[in-house]
Amino acid sequence: MTTRPSPALIAIAALVYVFLVGPLVIVIGASLSDTTYLTFPPQGLSLRWFENIFEITAFRRTIVTSLQLAFLATGLALLIGIPAAYALNRYRIQLPSWLSTVFVLPILVPEIVLGFSLLKSVAVGASFPIFVSLLIGHTLLVLPYCVRVISASLASFDFSIEEAAISLGSPPARTFFTIVLPNVRAGVIAAFILAFITSINDVSTSLFLTGPGISTLPIQILAHVEQFFDPTIASVSVLLMFLTVAVMAIVERTLGLTFLAK
Amino acid sequence: MNGGQTNDNRMTQALDITDLTAHYGSTKVLEDLSLSVGAGELVSLLGASGCGKTTTLRLIAGFLEPTKGAIRLGGRDLTRLPAHKRDIGLVFQNYALFPHLSVLDNVAFGLKQRGVASAEREKRARAMLERVGLSPLADRLPGALSGGQKQRVALARALVIEPPLLMFDEPLSNLDAKLRVDMRVEIRQLQRANGTTSVYVTHDQEEAFSISDRVAIMNAGRIMQFDTPEVLYQRPANAFVARFVGFENLIPMRAVARDGETVTAEAAGGARLSLSQERFGAIPDAFTLATRPDGLAVTSGPGTDGIPATLGLRTYLGRAYQYQCETAAGHLVANGALSTPLEPGGTARLVPVPDQCCVLLEV
């Protein structure tokens, strides 16, 4: 009884996959090339450009910085975002609706504007250290994703469950951790992944906030391309891809990626 | 009750609410509400949505703070106590089970908060599940249960902590009709067996009347009448309660003659009726006579008694015909015998049956 999809539909679906996967195949292919310039299909097979990443100090340092930044910014954004999302959903009657709009605003404002205004206020104005400025920038960048995604999760949470726990003698703070949080875990994981990817891939905001001695991996890739045209950037891109996938895998293993199944 | 022996005092405590007033923002939702629930008694708060019944329950539970008034439970003043210290068992409309915990852990949750050791906790939770007939489902997650099973788990979870007060917030309204009747019997039996003082919130009159020792009928943040179901059903104290329990016809009357205990009263249009003060109590000069459609007989035979009426729409009720009638005393609804169907548009007389009438002091 299953209807057979039309050939046109199959063709469109195939095209979508080609456009999604194609660039990845090209980048991975180019990173394996034995030539000293970027080319596809690769000529000869070699891992020398992967080795080259670690021979360049700037890459080594920025990989560490980017990872630190992504973990810290995501962590901070969750620390702020979870209580914010909870308050917005729990007490929505008392709070004006514009407040929830405020939390989407940073998504609507171009990141480059965020970067520039932070440069003026935080980096130059308050003269914070570069890493701190970057951390503030990235936290602000990913916070709206955290609030939105966790809010979506909390919106389907029945708060009478929380009241049931309290009536059974569980103090409100404990109830939040033992009852509310486990039931929005899927949202927290989704927020973590979104925030982490956003942070580790960010160029626009970081561009203004990096400075002497401290840079992020995407910025370093940009700087490298301006001077060299060797396959190193392809191999760095592949490395960045696998780092992201690795983090997803770890998050999935430790917290359970159940939200994809729901 | 063997399990509750040590807690007998704790589990039979009286609830006293005095002058409870509450606001949502600047809207007053509850006004000077006073209510006493005797130890071991089940009292229902009955009314339409927005009447303040759920607000009252939430105030007792501690989820809302009153503007004024006091809530006392067996000598303890609950008014300013945080919700988690009130020791009240709650059963919610939508069950509110913990979705991430097994049925057993749901039931054991309250015991865990009370520091009961793990083995003892499991023993008592299992015993309670046994009582509600859910032992085989102890290891399931709530998502795998039917509505009726979920409500039984919720009931077990609230009962296992042996609370001095048990409260129900529309516990059956998400269940289908048949299950609703079964569950309310079950709730009543468990409540009776435990002797737990209980407050039951519902908008369903039949449910409230069948399950309760006493019912408080509420409207606009006040209790309109608080009495046993029998009294409420037969002798409503005011027009609101009268309409609520089905006295559809409210006929304004005037006493025109008094002869000992017998009062002759007249309705608009001149229809007269003799009423005994022995049955109705002191009858003032102006009052309202309340009847159900059954208490107003439609006749077209000879005679001059009753209220002259023009018959409107006729509907078939199975045991009688019901007529919408226009009279000098206003629109009335009356029932007539199946043996003598009358045609709409015709005239007839509506004769109140004193046994089924009720005298309201309001005009």
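Is Phe116(A) buried, partly exposed or exposed? In this predicted model, Phe116(A) counts as partly exposed, because its relative accessibility is 41%, a value between the 20% and 50% limits for that class. Let's use this residue as a way into the aromatic contacts.

Across all chains, a search of the whole structure finds 13 aromatic pairs. One of them joins Phe116(A) to Phe208(A): the ring centres are 5.7 Å apart and the planes meet at 65 degrees, so the pair is edge-to-face. This contact links distant parts of the chain, since Phe116(A) belongs to helix H6 (residues 111-125) of chain A and Phe208(A) to helix H11 (residues 204-209), 92 residues apart. Phe208(A) is partly exposed as well, at 25% relative accessibility.

Now turn to Phe176(A) and Phe177(A). Their ring centres lie 5.3 Å apart with planes at 85 degrees, so this pair is also edge-to-face. Phe176(A) is buried, with a relative accessible area of 15%, whereas Phe177(A) is exposed at 57%. Ring pairs tie both residues into a cluster with Tyr86(A), Phe157(A) and Phe159(A).

Chain B offers another kind of aromatic contact. Here Arg157(B) lies over the face of Phe98(B), 4.6 Å from the ring centre, and Arg314(B) lies over the face of Tyr321(B), at 4.7 Å.

Finally, come back to the surface of chain A. A nonpolar patch there, with about 760 Å² of accessible area together, is formed by Ile12(A), Val16(A), Tyr17(A), Leu20(A), Val21(A), Val25(A), Ile26(A) and Phe40(A). Of these residues, look at Leu20(A): it is found in helix H1 (residues 7-31) and is exposed, with a relative accessible area of 56%.

Note on methods: Residues are numbered from 1 along each chain as its sequence is written. Chains are lettered from A and ligands numbered from 1 in the order in which they are written. This is a predicted model: local features need pLDDT of at least 70, side-chain atom pairs count only at pLDDT 80 or more; totals for chains, interfaces and linings use all residues. Side-chain values use heavy atoms; hydrogens and water are left out. Patches are made of residues with over 30% relative accessible area and no salt bridge: like charges are joined within 9 Å, nonpolar side chains (Val, Leu, Ile, Met, Phe, Trp, Tyr) within 5 Å. Accessible areas come from the Shrake-Rupley method with a 1.4 Å probe; for residues, only the protein chains shown count as cover. A salt bridge is a side-chain nitrogen of Lys or Arg within 4 Å of a carboxyl oxygen of Asp or Glu. Helices (H or I, at least four residues) and strands (E, at least two) are DSSP runs, numbered from the N terminus. Buried means under 20% relative accessible area, exposed over 50%, partly exposed in between (1.4 Å probe, protein chains only). Rings of Phe, Tyr and Trp (its six-membered ring) pair if their centres lie within 6.5 Å; planes under 30 degrees apart count as stacked, over 60 as edge-to-face and the rest as tilted. A charge sits over a ring if NZ of Lys or CZ of Arg is within 6 Å of the ring centre and within 35 degrees of the ring normal.
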